[in-house]
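Here is a short, friendly tour for someone meeting this structure for the first time. Take a look at the picture below, and then we will walk through a few of its features.

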Amino acid sequence: MGLGHELCARVEGSFFTNLAKSWCKMEKSLNDAISKSFVGKYFKLEARKSCFTRELRAGTATFLTMAYIITVNATILSDSGGTCSVADCTAPANQTASPDCMFEPNSGYQDCLSKNKNDLIVATALSAMIGSIAMGVLANLPLALAPAMGPNAYLAYNLVGFHGSGAISYQTALAVVLVEGCAFFAISAIGLRAKLAKLIPRPVRLACAAGIGLFIAFVGLQVHQGVGLVGPDSSTLVTITACASTNPETGECMGGKLQGPKFWLGLVGFIITSYGLMKDIKGSMIYGIVFVTMISWFRGTSVTYFPNTPLGENNYEYFKKVVDFHIIKSTAGAVSFNNFNTSQVWVALATLFYVDVLATTGTMHTMAEIGGFGNDQGGFEGEYLAYLVDAGSTVVGSTLGVSSIATYVESSAGMREGGRTGLTAVIIGLYFFISLFFIPLFSSVPSWALGPSLVMVGVMMMKVVNEINWSNMKEAIPAFVTILLMPLTYSISNGIIGGIGLYMALSLYDFVMGSIRWLIKMRRRVIQEQNQVSHATAGHHVDPTLVHDQITHV
């Protein structure tokens, strides 16, 4: 039965006007018409007991809960410097720019970063649009896809490093994502994806999500990438900051701890988001970001995103356009295989592959359970095509300039609204398409507006620790080390390697003792069989004297 019919039934006998009743009838007619059309039959609206308006509402809910990724992902990836280099720096007259210009206030480099961020905003929205529509059309599942939180931070801060300070260039990192996506597609095509996920120790699998959550939250608390609550300290490595003034190069506090107005504004945004999530309000992540951003758009304040500087003026002029279709100029097709055959690249490839196998496979199965798509074999309807779409989207995303694409847990918001078909995913994709025309607004969201959302992502990813058996030290120790190493070593791969290595070391005792017990058991069995053979031989033994006596008697 359609949503329009349900609504009309509630309207009858109430104080709604005739206009409302007419709207209900129109809605019911629209749902019935679409359900019987080619679109309705293709997406199996009636078979899954859904209708167009319900799918529209579900798609809207999911988009609202995950729209933050458009700006958050672009901000994280642009922290790596993207395709910007020393060549983009503005050098003094008759001098050449030094590599330090990428870490100091430099108008040329900052301008390059701004353009790079705009490219990444478009790439994020475009890859999410393509992935979501493909998931809806091919797999007929209400799952939304976008660049994943975790792999984006790993690429930006571990591989490329802040403003290119890492061991791998941005172009080579995209090549790693491309190869990982192709490998992912291959194992999905031959059906090995789920089996590979099961090879990883369960406590490490669970701890990875929590560790990545802490890593992302730590990024959201820092000076350059978030609200600025945490900063460097020469004595204790890190300390509380949120200072009135900081060193623009190092981020160290220069005075006035906890007096930074941008931090306090970001904290208000965090509280708004928290209250919204407490009350289960759709789009709560967006409301906190929008509030802080709109306050930061006012000029002449201590929290403005458009200060009276050359860069601030340029950003403000672009912001005033409001609507503008930006064409990707630097990140699309930036993949490069130069210096690909290095140890850092292979570790990165293995890490991204591992995170994708675990995170995406687990998310898809969870979403399938929520939507009721599971089957008796432990899979779900449309599983094979869903895996192929997910892997293929990563390949497409890498050519646009973004990190791995994954299915978003925010898809559950749409399912709670009744989304049950791929039409929900197609509608989500169309919303991402519309966002492509508002790049000036998305590019003007400050880091102190996005930092709280990163912390909230960490909160959401921590819930898996409940599934870890903390009373079993063999599971608890590797899990804890995995969680601990990711934020403290600022490396997701270090946490994964440490957790797996420690689990193997602790399992070595059980393996050795099991082998010894097996050898003892086999030795006893061999001795037992030898004794049986000896007894059998003794039972058939003939006394030579008896034979002699018989011959003599004859």
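Which residue forms a salt bridge with Glu46, and how many Å apart are the closest N and O atoms? The partner is Lys36, and the closest N and O atoms are 3.9 Å apart. A salt bridge here is a side-chain nitrogen of Lys or Arg within 4 Å of a carboxyl oxygen of Asp or Glu.

Before going on, please note that this is a predicted model, where local features need pLDDT of at least 70, side-chain atom pairs count only at pLDDT 80 or more, and totals for chains, interfaces and linings use all residues. Residues are numbered from 1 along each chain as its sequence is written, and side-chain values use heavy atoms, with hydrogens and water left out.

**Salt bridges**

The structure holds nine salt bridges, including these:

| Pair | Closest N to O distance |
|---|---|
| Glu46 and Lys36 | 3.9 Å |
| Arg48 and Glu381 | 2.9 Å |
| Lys320 and Glu317 | 3.3 Å |

Arg48 sits in the loop between helix 3 and helix 4, and Glu381 in the loop between helix 14 (343–371) and helix 15 (383–400), so their salt bridge ties together parts 333 residues apart in sequence. (Helices are DSSP runs of H or I with at least four residues, numbered from the N terminus.) Arg48 is buried at 15% relative accessibility, while Glu381 is partly exposed at 35%. For these words, buried means under 20% relative accessible area, exposed over 50%, and partly exposed in between, using a 1.4 Å probe and protein chains only. Lys44 joins Arg48 and Glu381 in a network of salt bridges. Lys36, in contrast, is exposed, with a relative accessible area of 54%.

**A covered helix and a cavity**

Helix 7 (residues 151–160) is mostly covered, with ten of its ten residues buried. Gly161 follows helix 7 and has a positive phi, near 85°.

Tyr157 is one of the buried residues of helix 7, and Tyr157 also helps to line the largest cavity. A cavity is a set of points on a 1 Å grid over the protein atoms alone where a 1.4 Å probe fits but cannot get out, and lining residues have an atom within 4 Å of a point. The largest cavity holds about 40 Å³ of space. Helix 5 gives the most to its lining, with three residues.

How values were computed:
Helices (H or I, at least four residues) and strands (E, at least two) are DSSP runs, numbered from the N terminus. On a 1 Å grid over the protein atoms alone, a cavity is a set of points where a 1.4 Å probe fits but cannot get out, and a pocket is an open set with protein on both sides within 12 Å along at least five of seven lines; lining residues have an atom within 4 Å of a point. Grid points are joined across faces, edges and corners, and a volume is the space filled by probe spheres set on the points.
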